[in-house]
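I opened this notebook to record what I looked up in the structure. The entries follow the order in which I checked things.

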Amino acid sequence: MQGTDTPIARFELLILDDDAERRQALHTCFAFIGLECHVFDFVSWLQQGKAFDLSRIGLVLIGESSLPIALGKLMTELDAARVRPKLLACDWPELSADDFARHGILGLLEAPYRYPQLLDWLHLCGLMHEQQLDAWPLQAEMPGFVGQSKPVREIRQLITQVAPRDISVLITGESGTGKEVVARCLHEHSPRCDGPFVPVNCGAIPSELLESELFGHEKGAFTGAISSRPGRFELANGGTLFLDEIGDMPLPMQVKLLRVIQERQFERVGGSKTQEVDVRIVAATHKNLELMIEAGQFREDLYYRLNVFPIEMPALRDRLEDLPLLINNLCGQLDEGCSLQFHPAALASLQRHPWPGNVRELANLIERLSIIHPGGVIGVSELPPKFRHVEEPDPARYEQLSLPNTVETEPAMAAVNRTGTLDLSTTLALPDEGIDLKGWLESQEQALIRQALDACKQVVSKAARLLQIRRTTLVEKMRKYGIERQ
């Protein structure tokens, strides 16, 4: 057999066997391959109870046991595990074909143990282990990253794999797909989670200020540097530095960034003292860096330093099945009283939208609707025109309400004629002592708003139509006058 310094599987191995010689032989073989092994006889295993963590175990090798309850006890423990490990029997002739089927045992591992045979079993178990992880809902583990579609499950699995490893990650994808959300998930699930997470938008900072922003500056280093200031690398020491829109970084700064990544040292602008830094770099871009390298706009050596572990974010149009979950999550972030409900027809309409702005466009839509229709139910007609991709299923609901012939106000005040316009000529007269016109108009406006709300059973959208103003305008006036729905 050949050895390797790197484990060929991401899971760990549990060996249960009362045969000490075979137990040791199996341990030696799999440890030589590079797999972490936990070895017990069945008595020791039973004494462990539930103290042993099975969540890391992908494969269990079971040998012979003199205890009748041993196999049943093992099955109970495995069934309770989040992801059930695979079973492989080791020279156990007492097990029948029915036993194999009933307990889900993959097969029989017989001596002599050959390297290709062991690799083949590990390859099969690794694939089955990944499929189980794909099917497992990781929503609770990564609350900021919402969705259950296959692309999202794949991203979660990548995060799970790379987060504990202190290597650079490059996140690519269209604008608005949630690259910073993934960067924060990587940080929060890494050993650096107790350290700072420091984001820098390389495209939002002028090129002449980017060096100072990243590395800091000393007092007097340039005009306006009235005091020393630490840079983002210093602030992120011991944590994660997120370089967003790395494709917008000027070439001269790319050279300096490469040096810091390679040597983990830098100097402040205007300073001569070399400072050590310990940060994990997570970068993101919506640009194609490989094409930029060909065009001479991005350094190839920096690209390979950043792109140790790539993660490509899917566009929202490629995971539309996540739309209801995303909407629910975004609505849950709204202020109290502004949460929205969506009519099935409105959801169907949103499912047909191309979403060029991805999740950011969806978040903006939810925010806009929460202002216009706080606490309301959103139908197709409540959506902005460009989001209406299906016909309104019940247009009769939106027919203009008929206006009353008159609106009673205080004596000698304005009336509403049959056309819905104010008729002031028959009832108004200017008092000799004059009038506070602004105050009088406001009092009439409040009276009309209250009457419109009463006439429409406190439904703000209908009252706005009755008053022939926009709903947002009516909401603002109600806030101004302290008018609440009864």
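My entries below cover one sheet and one pair of helices in a predicted model.

Entry 1, the sheet. I looked up how its strands are arranged. I found an open sheet of 5 strands, in the order β7-β10-β13-β6-β14, with parallel pairing. I then asked which strands form the edges. The edge strands are β7, residues 197-201, and β14, residues 309-312, and each pairs on one side only. I also noted the turn between neighbouring strands of this sheet, which is 20° on average with direction ignored.

Entry 2, one edge of the sheet. I followed β7 to its partner, β10, which spans residues 240-244. The two strands pair in the parallel sense over 5 bridges. For a single position I picked Val198, which stands opposite Leu241 in β10.

Entry 3, two helices. I turned to α13, residues 323-332, and α15, residues 358-372. Their axes come within 10 Å and cross at roughly 50°. That angle falls neither under 35 degrees nor in the range 65 to 115, and α13 and α15 are therefore oblique to each other. I logged the crossing of α13 and α15 as right-handed.

Entry 4, the helix contact. Which residues make it? From α13 I listed Leu323, Leu326, Ile327, Leu330 and Cys331. From α15 I listed Val359, Leu362, Ala363 and Ile366. I sorted the residues of this contact by kind and got 9 nonpolar, no polar and no charged.

Technical notes: Residues numbered from 1 in each chain as written. Predicted model: local features only at pLDDT ≥ 70, side-chain atom pairs only at ≥ 80, totals over all residues. Heavy atoms only, no water. Pairing = 2+ DSSP bridges. Axes fitted to C-alpha atoms, helices over the stretch in contact; angles between N-to-C directions. Parallel < 35°, antiparallel > 145°, perpendicular 65-115°, else oblique. Left-handed = near helix turned anticlockwise from the far one by under 90°. Contact = heavy atoms within 4.5 Å. Nonpolar A, V, L, I, M, F, W, Y, C, P; charged D, E, K, R; others polar.
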